[in-house]
Amino acid sequence: MSFFKKLKQRMFRSSSKLDEGLEALVEEAGSGADAPPAPEQSPAPQPRPDPVPAPQAQEQPIEKPAEQGAKPGLLGRMLGRDDAPRRVLDDEMLERLEELLIQSDMGVETAMRVSANLAEGRFGRKMSVSEIKAALADEITRIMEPVAKPLPLYAARPQVVLVVGVNGAGKTTTIGKLASQFREAGKSVMIAAGDTFRAAAVEQLQVWGTRAGVPVMTAPEGSDPASLAYDALARAKAEGIDLLMIDTAGRLQNRADLMEELAKILRVLRKLDPDAPHNTLLVLDATTGQNALNQVEIFRKLADVTGLVMTKLDGTARGGVLVALADRFGLPIHAIGVGEQIDDLQAFDPEEFAAALIGTDLQA
Ligand SMILES: Nc1nc2c(ncn2[C@@H]2O[C@H](COP(=O)(O)OP(=O)(O)OP(=O)(O)O)[C@@H](O)[C@H]2O)c(=O)[nH]1
């Protein structure tokens with residue numbers, strides 16, 4: 001199955017909410033089709049300074065109007081029209097649209113920006129669900145394009161990749177998946193199990209290491225992670241390894257300790273290579289929704305985060321948080337995870353993501 005199909009299937013919860021919400025909106029105008037069309041080029045409204053708080057998700061079942069829009073009549077198709085219900089894109093419609101976007105965890109600011117941009121040049125026009133969806137997907141793709149960047153590979157050998165993030169975000173799994181993918185691409189990889197406080201985390205990394213055919217450096221439980229990082233870099237240098245990935249602890253509840261620990265890791269790494277680490281990846285769990293934004297703020301203070309990986313986009317209705325992250329921080333998004341298998345981590349593709357989030361098909 002292609003990754004897009006998988007992404008679309010697994011992000012069903014985000015897109016189905018938006019989908020149903022949009023259909024309900026357009027339908028509710030009932031015969032929005034009868035509403036008088038406003039002049040074509042009314043100016044787009046300014047974002048309201050006082051946004052409506054996100055309402056609770058409306059879960060009432062919506063009767064799907066037999067796929068209107070999907071199958072326009074022959075004449076309609078020939079004339080490039082369809083007979084799908086349409087609703088005038090007015091202030092009320094935009095406000096409701098914002099609410100829907102906020103429910104997908106896009107955040108108030110980004111939802112307002114997306115709907116204001118959507119209104120530009122379209123305000124006052126009648127739009128069908130599929131037209132709104134296509135315009136939304138375009139707008140989201142536009143926001144996401146600048147941040148879609150695979151993990152950059154440098155000539156430096158070993159390239160040191162420090163992986164940070166809260167416990168349970170998916171660091172270990174992501175390191176395992178990346179190690180396996182780089183290994184398959186012909187790179188030699190080494191992993192350092194820097195979360196020396198949790199024996200289970202070390203064991204899990206060892207499992208991934210074996211699976212990927214990659215050595216995993218460990219240290220006794222409770223020992224100094226910086227010393228492990230130093231030894232790992234020294235060994236990786238001696239062995240001419242291409243990529244060294246260093247796992248770290250994510251105990252945010254003791255932030256001062258974590259900050260000191262990360263700072264010490266950086267200090268010792270730089271004794272061996274002043275440019276290390278070459279990348280600092282922050283792994284975020286999509287199911288935490290807006291909390292992911294706080295985590296970026298915090299980890300940017302603890303470490304010089306150079307890029308993001310978003311895990312667990314499957315099974316959450318909160319995929320919109322990725323749009324909010326791109327809009328707010330502009331940090332590169334290197335990869336996204338939609339499951340627990342090796343091939344469930346892929347480079348981030350904005351068009352595919354937007355289509356999966358909104359529930360549209362990809363343009364040919
Ligand atoms: N569904 C799903 N589960 C994932 C994904 N990525 C990771 N997981 C699961 O999330 C759980 C936590 O992942 P870990 O990789 O152990 O997270 P961690 O950040 O290393 O956590 P600690 O070891 O506690 O520091 C595991 O059960 C993973 O299998 C994903 O993209 N989708």
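**Exercise 1. The annotated spans**

Task: Describe residues 157-304 in terms of helix content, strand content and the distance between the end C-alpha atoms.

Solution. Over residues 157-304 the chain is 49% helix and 16% strand, with 20 Å between the end C-alpha atoms. These values, like the others below, come from a predicted model. In UniProt, residues 157-304 are listed as "domain: AAA+ ATPase" in an unreviewed entry. A second feature from that resource, "domain: SRP54-type proteins GTP-binding" (unreviewed entry), is placed at residues 158-359. For residues 158-359, the content is 45% helix and 18% strand, and the end C-alpha atoms lie 41 Å apart.

**Exercise 2. The chain as a whole**

Task: State how many helices and strands the protein chain has, and what percentage of its residues count as buried.

Solution. The secondary structure comprises 13 helices and ten strands. Of the 364 residues, 45% count as buried. The contacts can then be sorted by sequence separation: among those with a separation of 6 or more, 80% are between residues 24 or more positions apart.

**Exercise 3. The shell around the ligand**

Task: Identify the residues closest to the ligand and the helices that each supply at least two residues of its shell.

Solution. The ligand is surrounded by 21 residues, of which the closest are Gly170, Lys171, Thr172, Thr173 and Gly337. Helix H7 (171-184) and helix H8 (199-212) each supply at least two residues of the shell. The largest share, three residues, comes from H7. Sorted by class, the shell has twelve polar, six charged and three nonpolar residues.

**Exercise 4. The two sides of helix H10**

Task: Determine which residues of H10 are buried and which are exposed on the other side.

Solution. Begin with the dimensions: helix H10 (residues 255-272) has 18 residues and reaches 26 Å from its first C-alpha to its last, close to the 26 Å expected at 1.5 Å a residue. Next, list the buried residues of H10, which are Leu258, Glu261, Leu262, Ile265 and Leu269. They lie on the same side of H10 because they cover an arc of only 95 degrees around the axis. Their cover includes strand E3 (159-164), helix H9 (225-239) and helix H11 (291-302). On the other side of H10, the exposed residues are Ala256, Ala263, Arg267 and Lys271.

**Exercise 5. Ala263 in detail**

Task: Explain why Ala263 is classed as exposed.

Solution. Ala263 is found in helix H10. A residue is exposed if 12 or fewer other C-beta atoms lie within 10 Å of its own. Ala263 has 12 other C-beta atoms within 10 Å and is therefore exposed. For its position relative to Thr311, the two residues are 48 residues apart in sequence and 25 Å apart in space, C-alpha to C-alpha.

**Exercise 6. The buried face of helix H9**

Task: Explain why the buried residues of H9 line one face of the helix, and state what covers them.

Solution. H9 has 15 residues and reaches 21 Å from its first C-alpha to its last, close to the 21 Å expected at 1.5 Å a residue. Its buried residues are Pro225, Ala226, Leu228, Ala229, Ala232, Leu233 and Ala236. Seen down the axis of H9, these residues fall within an arc of 155 degrees, so they line one face of the helix. Their cover includes E3, strand E4 (189-192), strand E5 (216-217), strand E6 (243-247) and H10. Ala234 and Ala238 are exposed on the other side of H9. Finally, H9 is followed by Gly240, whose phi is positive, near 65 degrees.

Technical notes. Residues are numbered from 1 along each chain as its sequence is written. This is a predicted model: local features need pLDDT of at least 70, side-chain atom pairs count only at pLDDT 80 or more; totals for chains, interfaces and linings use all residues. A residue is near a molecule or strand if its C-beta atom, placed from the backbone, lies within 6 Å of it. Helices (H or I, at least four residues) and strands (E, at least two) are DSSP runs, numbered from the N terminus. Ala, Val, Leu, Ile, Met, Phe, Trp, Tyr, Cys and Pro count as nonpolar, Asp, Glu, Lys and Arg as charged, and the others, Gly among them, as polar. The expected span of a helix is 1.5 Å times one less than its number of residues. A residue is buried if 20 or more other C-beta atoms lie within 10 Å of its own, exposed if 12 or fewer, and partly exposed in between; C-beta atoms are placed from the backbone. The arc is that of the directions from the helix axis to the C-beta atoms. Two residues are in contact if their C-beta atoms, placed from the backbone, lie within 7 Å. UniProt positions are given in the numbering used here, feature names are shortened, and annotations may be inferred rather than shown by experiment.
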